[in-house]
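Open the model in your viewer and keep the sequence panel beside it. Each stop below gives a selection and what to look for there.

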Amino acid sequence: MDKLTENLSELGTGCSLPISLEVIGERWCFMILRASFNGVRHFEDFLSEIGIARNILANRLTRLVEAGIMSRRPCDHDKRKVEYRLTDKGADLLSVIVAIRQWGEKWETGVPSNPILADAKDRKPISRITIRAHDDRVLGLDDLCWIDEEELRNHGSSDATGDTDRGDMVVRHLKEIGEPSAA
């Protein structure tokens with residue numbers, strides 16, 4: 001069971017969450033990312049759009065460039081100006097930004113933000129960001145469990161029908177975390 005609990009004092013050494021938060025886990029980085037997803041590209045435009053101090057903006061843009069989330073290059077139309085653009089790594093943060101926005105709409109403001117993010121094909125609002133199973137079922141806290149990577153690998157082979165019996169795996173259900181023990 002020890003493999004199914006995280007040593008919180010050592011999270012920075014191998015867990016991707018604290019490492020990711022070191023790069024993007026503060027308010028101004030999220031505001032810069034939001035502005036980037038809205039087409040802001042130039043330093044002065046970031047300043048006016050998000051109302052950030054010059055030194056903080058310079059620091060955060062440098063951090064995002066060094067992390068490979070944004071690129072910095074001369075503008076095509078004026079080589080004296082610099083343009084900041086999201087890289088593929090940065091574009092992958094869109095679902096994170098949208099999920100946080102949706103959470104805020106539900107739990108903080110209580111109203112949908114405007115403008116509303118929509119599908120470009122049919123112009124309908126997007127669905128809520130959810131956790132989905134391998135077969136596309138929407139999963140909630142009661143449906144999730146932690147499984148050690150090695151045990152998952154050991155149970156990875158399937159029988160002739162393509163099914164894998166995983167009922168004997170040691171798991172830790174998320175719904176049980178934080179509940180008082182039965183002992």
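One cut-off first: a residue counts as buried when its relative accessible area is under 20%, as exposed when that value is over 50%, and as partly exposed in between. Select Glu105 to try it out. This residue lies in helix 7. Its relative accessibility is 18%, so Glu105 counts as buried. Leave aside the neighbours within four places in sequence, and Glu105 is in contact with Gly110, Val111, Pro112 and Ser113. Gly110 sits just after helix 7 and takes a positive phi of about 80°.

**Whole chain**

Zoom out. This is a predicted model. Colour it by pLDDT. The mean is 86, and 83% of the residues reach 70 or more. Which elements mark the lowest and the highest mean pLDDT? Helix 1 (residues 11-14) has the lowest, 59, and helix 6 (residues 88-91) has the highest, 98. Where pLDDT is low, the predicted coordinates should not be read in detail.

Switch to cartoon. The chain holds eight helices and six strands. Their order along the sequence is α-α-α-α-α-β-β-α-α-β-β-β-α-β.

Now show the surface. About 13500 Å² is exposed, with carbon and sulfur atoms supplying 52% of that area. Of the 183 residues, 23% count as buried. Turn on contacts between residues at least 6 apart in sequence: 44% of them join residues at least 24 apart.

**Helix 3**

Select residues 27-37, which make up helix 3. Its buried residues are Trp28, Cys29, Met31, Ile32, Leu33, Ala35 and Ser36. What covers them? The cover includes helix 2 (16-24), helix 4 (43-50) and helix 5 (54-66). Strand 1 (70-74), strand 2 (82-86) and helix 7 are also part of that cover.

Pick Ser36, a residue of helix 3. Its relative accessibility is 3%, so Ser36 counts as buried. Beyond its neighbours within four places in sequence, Ser36 is in contact with Arg41, Phe46, Met70 and Leu86. Put those names beside the cover of the helix: Phe46 falls in the range of helix 4 (43-50), Met70 in strand 1 (70-74) and Leu86 in strand 2 (82-86).

Step past the end of the helix. Just after helix 3, Gly39 takes a positive phi of about 95°.

**Helix 7**

Select residues 94-109 for helix 7. Buried here are Ile97, Val98, Gln102, Gly104 and Glu105. These buried residues pack against helix 3, so show both helices together to view the packing.

Is Ile100 buried, partly exposed or exposed? It lies in helix 7. Its relative accessible area is 44%, so Ile100 is partly exposed. Draw a distance from its C-alpha to that of Ile129. The two atoms are separated by 9.2 Å, and the residues are 29 apart along the chain.

**The largest pocket**

Display the pockets and keep the largest. Its volume is about 670 Å³. The lining has 21 residues. Those nearest the centre are Arg34, Asn38, Ile97, Arg101 and Ser113. Helix 3 and helix 7 are the elements that give two or more residues to the lining. Helix 7 supplies the largest share, ten residues.

Colour the lining by class. Eleven residues are nonpolar, five are polar and five are charged. Ile97 belongs to two of these views: it is among the residues nearest the pocket centre, and it is one of the buried residues of helix 7.

**Loops after helix 7**

Go to the loop between helix 7 and strand 3 (131-132), where Pro115 has its place. A cis peptide bond joins Asn114 and Pro115, with omega about 5°.

Stay in this loop and select Arg123. Its phi is positive, about 60°, although Arg123 is not a glycine. With a relative accessible area of 64%, Arg123 is exposed.

Last stop: Asp136. Its place is in the loop between strand 3 and strand 4 (138-139). Asp136 also has a positive phi, near 80°, in a residue other than glycine.

How values were computed: Residues numbered from 1 in each chain as written. Predicted model: local features only at pLDDT ≥ 70, side-chain atom pairs only at ≥ 80, totals over all residues. Heavy atoms only, no water. 1 Å grid on protein atoms, 1.4 Å probe; cavity = no way out; pocket = protein on both sides within 12 Å on 5 of 7 lines; lining within 4 Å. Points joined across faces, edges and corners; volume = space filled by probe spheres on them. Helix = DSSP H or I, 4+ residues; strand = E, 2+ residues; numbered from the N terminus. Nonpolar A, V, L, I, M, F, W, Y, C, P; charged D, E, K, R; others polar. Buried < 20%, exposed > 50% of the residue type's maximum accessible area, 1.4 Å probe, protein only. Contact = heavy atoms within 4.5 Å. Areas by Shrake-Rupley, 256 points an atom, 1.4 Å probe, with all protein chains shown as cover. pLDDT = per-residue confidence, 0-100.
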